[in-house]
Amino acid sequence: MPVSRDDAESRRGQAHAKGLYPAPLNAGRSRNMQANRRSDTKPEVSLRKALHHLGYRYRKDLLLRLPETRVRPDIVFTKRKIAVFVDGCFWHVCPQHGRKPTTNEWYWAPKLQRNMERDTRANTALKEAGWTVVRIWEHEPLEEALQAVRSALD
């Protein structure tokens, strides 16, 4: 059942009051952060469209239940056991574009560290289960991303 906007705002206010996460700096920043997607990001959709155009068929955002953990890759080739992740530079701390947060660092630094640790655990669990893992940064050109996936498939 979807949560109403008023309920969501009330819950956010309660979490801010408890110090679970910081209050937004302003309404514009709040809207911007709420607009961040977990799936169907522009780089991910572009890659999926290109793969589909080339004749590849896949599952998107499929939950894989592995012995040690659950993993939800962006693109999954089930028969070939290939999991593709399209990682955002901020959220996954890109070595080229990732930057240390300067505002509310007490909240963001541990969160981003947990994201990196989760990525490492997912890679390890998938590899131990016999999967091939392809990780692509959002800033990578589409042709390079396609080549990385195609080389894993071939």
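1. A helix here is a run of at least four residues that DSSP assigns as H or I, with helices numbered from the N terminus, and Lys42 has its place in one of these, helix α3. The model under discussion is a predicted one, and this should be kept in mind throughout the points that follow.

2. On the overall layout, the protein contains five helices and six strands, and along the sequence these elements follow the pattern α-α-α-β-β-β-β-β-α-β-α. Of the 154 residues in the protein, 31% are buried. If one takes the contacts with a separation of 6 or more, 56% of them are accounted for by residues 24 or more positions apart.

3. Four strands make up an open sheet with mixed pairing, in the order β1-β4-β5-β6. Its edge strands are β1 (59-60) and β6 (132-137), each of which pairs on one side only.

4. Within this sheet, β4 (residues 75-77) and β5 (residues 82-87) are antiparallel and are paired over three bridges. Two of the partnerships can be followed by eye, since Phe77 has Ile82 of β5 as its bridge partner, while Ile75 has Val84 of β5. The two strands form a hairpin with four residues between them, and in the turn Lys81 has a positive phi of about 55°.

5. The pairing of β5 with β6 is parallel and consists of six bridges. To pass from β5 to β6, the chain goes through helix α4 (residues 105-128), and the resulting β-α-β crossover is right-handed. One bridge between these strands links Val86 with its partner in β6, Ile136.

6. Strand β5 deserves a separate look, as six of its six residues are buried. In a regular strand the side chains alternate between the two faces of the sheet. The strand in this model can be read in that light: Ile82, Val84 and Val86 point one way from β5, whereas Ala83, Phe85 and Asp87 point the other way, and all are buried.

7. Which residues does Val86 contact, leaving aside its neighbours within four places in sequence? They are Pro43, Glu44, Leu47, Asp74, Ile136 and Glu138. Val86, which is found in strand β5, has a relative accessible area of 12% and is therefore counted as buried, the cut-off being under 20%. Its C-alpha atom also lies 6.1 Å from that of Arg135, although the two residues are 49 residues apart in sequence.

8. Helix α3 (residues 42-53) has twelve residues, and the distance of 16 Å from its first C-alpha to its last is close to the 16 Å expected at 1.5 Å a residue. Its buried residues are Glu44, Leu47, Arg48, Ala50 and Leu51. Seen down the axis of α3, these buried residues fall within an arc of 165°, so they line one face of the helix. An α-helix has 3.6 residues a turn, so residues three or four places apart point the same way. The buried residues of α3 pack against β1, β4, β5, β6 and α5. Just after the helix, Gly55 takes a positive phi of about 100°.

9. The other side of α3 carries the exposed residues Lys42, Lys49 and His53. For Lys42 the relative accessibility is 72%, so this residue counts as exposed, given that the cut-off is over 50%. The C-alpha atom of Lys42 is separated by 8.7 Å from that of Glu138, which is 96 residues apart from it along the chain.

10. Helix α5 (residues 142-153) lies across β4, β5 and β6, and it runs at about 175° to β6. The twelve residues of α5 should span 16 Å at 1.5 Å a residue, and its end C-alpha atoms are indeed 16 Å apart, which agrees. Where on this helix do the buried residues Ala145, Leu146, Val149 and Leu153 lie around the axis? They cover an arc of only 100°, which puts them on the same side of α5. The elements that cover these buried residues include α3, β4, β5 and β6.

Technical notes: Residues are numbered from 1 along each chain as its sequence is written. This is a predicted model: local features need pLDDT of at least 70, side-chain atom pairs count only at pLDDT 80 or more; totals for chains, interfaces and linings use all residues. Side-chain values use heavy atoms; hydrogens and water are left out. Two strands pair if DSSP finds at least two bridges between them. Contact means heavy atoms within 4.5 Å. Axes are lines fitted to C-alpha atoms, for helices over the stretch in contact, and angles run from 0 to 180 degrees between N-to-C directions. The expected span of a helix is 1.5 Å times one less than its number of residues. Buried means under 20% relative accessible area, exposed over 50%, partly exposed in between (1.4 Å probe, protein chains only). The arc is that of the directions from the helix axis to the C-beta atoms. A crossover is right-handed if, with the strands pointing away from the viewer, the path from the first strand over the helix to the second runs clockwise.
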